[in-house]
Each structure stands twice: as structure tokens, then as C-alpha cells.
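Visitor: I would like a close look at one part of this model, taken slowly and with the neighbouring elements kept in view. Please choose a sheet and the turn within it, and then add whatever other sites deserve the same care.

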Amino acid sequence: MKIKRMLLWLLAAAALLLAGCEKKQEPESSYKVYYVNTTGTRLMESDYKPQAQTFEEMMDELIGQIKTAPTGYISALPETVSINGYERGIDALRIDFSGEYYSLSNTDEVLLRAAVVKTFSQIPGVTKVMITVNKEQLKDEEGEPVPAMDANSFIDTKEGGINSYQYATLILYFANAQGDRISKETRSLHYSSNMVLERVVVEQLIAGPQERELKPILGSNVRIQNVYIQDDICTINFDEEFNKIPLESTLDPEAALYAIVDSVCETCDSITGVKFEIDGESDVLFRDTVDLNQTFTMDRSFIEQDEIQTEVT
């Protein structure tokens, strides 16, 4: 009798343990599926929780979601263009479209490209998406192959929508590992033609470095009030957060300013100098050290010496 009671107790305990484990299961991840607004000028996103258990099921689900837009949105994939298939690589996903892809207008093409890349790059194991047309790599207007892209390859504007995407390679300077000099990071991306390149550069500086050994020069809470250009001089108006030192930063305030100046001047060919404002005022000391009431020009003296020697050679 005692043995029977013991067995019943053990069975009950096991059942409770299993029930507890089931309750602790994590919910499935929510995805963002990208569509286009009704005027066809900008990307819109909608939350979606997939039910798929395998990669193929996930692809079928997301393709179905992209084709069928929720109320208030339209699909970025026109009815005239079809998806021929897809192929999974080591870290990149290739999605193949029908030949009608090349008949899309510039706006429709870039919105479709962005929607596809941003949606499918969320799948675990997919870091980049390559677009092909009839199994040949997509080519840009100049006939050059378009490389595989990830979600960070597209920088959108929240205000004015997208007329087209520009492609640019940015030269960005961040603090080096020691925090005593600035070091270069090269970043290529597509950005909305409604955004000036100078603003894109500064926004990427605020976003921080992608290379682990580099450190930010600005706090992530910094906001750009305005960017305007006159006579090849770029004026950047920040909010008051600009004057605060990022956590754990040891970079000299003047070096931090020149990280911005050098990034803008080296990336934007027409810019010869940079002015700074904080809440519209230039008569300010930056971090109690540097007078902002002046025009700053390119200065390589703050860049790590080995990088300058590499460029020269």
C-alpha cells in the first residue's frame, strides 16, 4: 500500500512539474511586415506573429503576408510582379522575382526592395537578403550588381516619405578603443532622397559605431533640430543633449566635435565647413571647453596616425 501511494505521489508531482514547464514556454516572436501607405510614398509596418515551425513555412507565411496588405495599407509587391522562388545561403537569403520587376518605377522599386529586405532579414539565420530577377543578380541604373542588403541598408524619413533611395558610402569617425583619438568606420547604405546626406551622416554618428572596438562620440538621446546648408557650409542645430558627455567617454570635447566635422566633410564632397548650434544658439561652450561660435573645417590631427599613413600609402 505504501509503495502504491508513493508511486501515485511521484506521478502527481511529475504531472505538476510538466504543467509548470509548459507555462514557462516563451511566446513566439513578433515580426514587422512592411507595406506601403495608400499614396505610395513611404513604408509602413504592421506587427505579425508567425505560426511557422520550419524555415520553409516561415517563408510561405511572410510571402503571403507581403502580398496581402491590411486595411489602410497597400502591398509593396504589385500584382504585375511575382516571386519566382527563394534560396537560402549560409547567412544570406536570395529572393528571385519575375522579369516585370524591371518595369517598376523608381519609387515602387525601392519601396519593394526595402519592404522585402526589412521583412525577411528578421528570420533567424538570415543576416542579408539578395534580390535576383530571373535568377540574375539585381542591377542598378548604371548596370552594376546590387549587393546583398540588411535592414540597416535603408534609412527612411518619418516625415516626408520616400521618393527614391540614394546609395552612399559614409566615412564616419568614432572614438578609438582607448578613447583618446578618433578612428574611421566605413558604412554603405541606402537613404531616402528626401533626406540630405549631411543629416544622414550625423544620424549615423548618433546611432553609434558598428565595430566593437570603437566607442560613440554622442549620446543616443541626442536629437537633431535642423540641418541646413549655405555657401558650402553645413550648420547642424542640436538639442541640449548634444552638450552632455556620453557615459564612459574619455574623448576630448574638441576631438568629439572634429569627429563630426571630419565625417561630414569627408563624406559630403561639397561641404567645406561645419557650424554647430544648440537649440538655435551658437554662442555656447561645448562641454565647457570649445567655443561653438566659429566655422570648423576638416582637421586630420585627431585621427589615429596609422590610419592616415595607410591612406597616404
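Guide: A residue is called buried when its relative accessible area is under 20% and exposed when that value is over 50%, with partly exposed covering what lies in between. The model is a predicted one, and by this scale D232, at 39% relative accessibility, counts as partly exposed. D232 sits in the loop between β11 and β12, and its phi is positive, at about 65°, although the residue is not a glycine. As background, most residues other than glycine have a negative phi.

The two strands on either side of that loop belong to an open sheet of three strands, ordered β11-β12-β13, in which the pairing is mixed. The edges are taken by β11 (224-230) and β13 (273-278), each of which has a single partner strand, so one side of each is left without a neighbour in the sheet. Averaged over the sheet and ignoring direction, neighbouring strands are turned by 15° against each other. Between β11 and β12 (residues 233-238), which run antiparallel, there are six bridges, and within this part of the structure Y228 stands opposite T235 in β12.

Helices accompany the strands as well. Helix α4 (residues 197-207) packs on the sheet, where it touches β11 and β12, and its direction makes about 145° with that of β11. Helix α5 (residues 253-267) lies across β12 and β13, running at about 130° to β13.

A positive phi is also found at N134, where the value is about 50° although this residue, too, is not a glycine. N134 is placed in the loop between β6 (128-133) and β7 (136-137), and with a relative accessible area of 47% it is partly exposed.

One further loop residue is worth following, namely E304, which is found between β15 (290-291) and α6 (305-312). E304 is buried yet has no salt bridge, and the nearest side chain of opposite charge, that of R181, is 6.8 Å away, whereas a salt bridge would require a side-chain nitrogen within 4 Å of a carboxyl oxygen. The side chain of E304 does make polar contacts, one of them with the side chain of N176 at 2.9 Å and another, of 3.3 Å, with the side chain of S183. Leaving aside residues up to four places away in sequence, E304 touches N176, Q178, R181, I182 and S183.

Terms used:
Residues numbered from 1 in each chain as written. Predicted model: local features only at pLDDT ≥ 70, side-chain atom pairs only at ≥ 80, totals over all residues. Heavy atoms only, no water. Helix = DSSP H or I, 4+ residues; strand = E, 2+ residues; numbered from the N terminus. Buried < 20%, exposed > 50% of the residue type's maximum accessible area, 1.4 Å probe, protein only. Lys, Arg positive; Asp, Glu negative; His and termini not counted. Polar contact = N/O pair within 3.5 Å; in protein donor to acceptor, adjacent residues only side chain to side chain. Contact = heavy atoms within 4.5 Å. Pairing = 2+ DSSP bridges. Axes fitted to C-alpha atoms, helices over the stretch in contact; angles between N-to-C directions.
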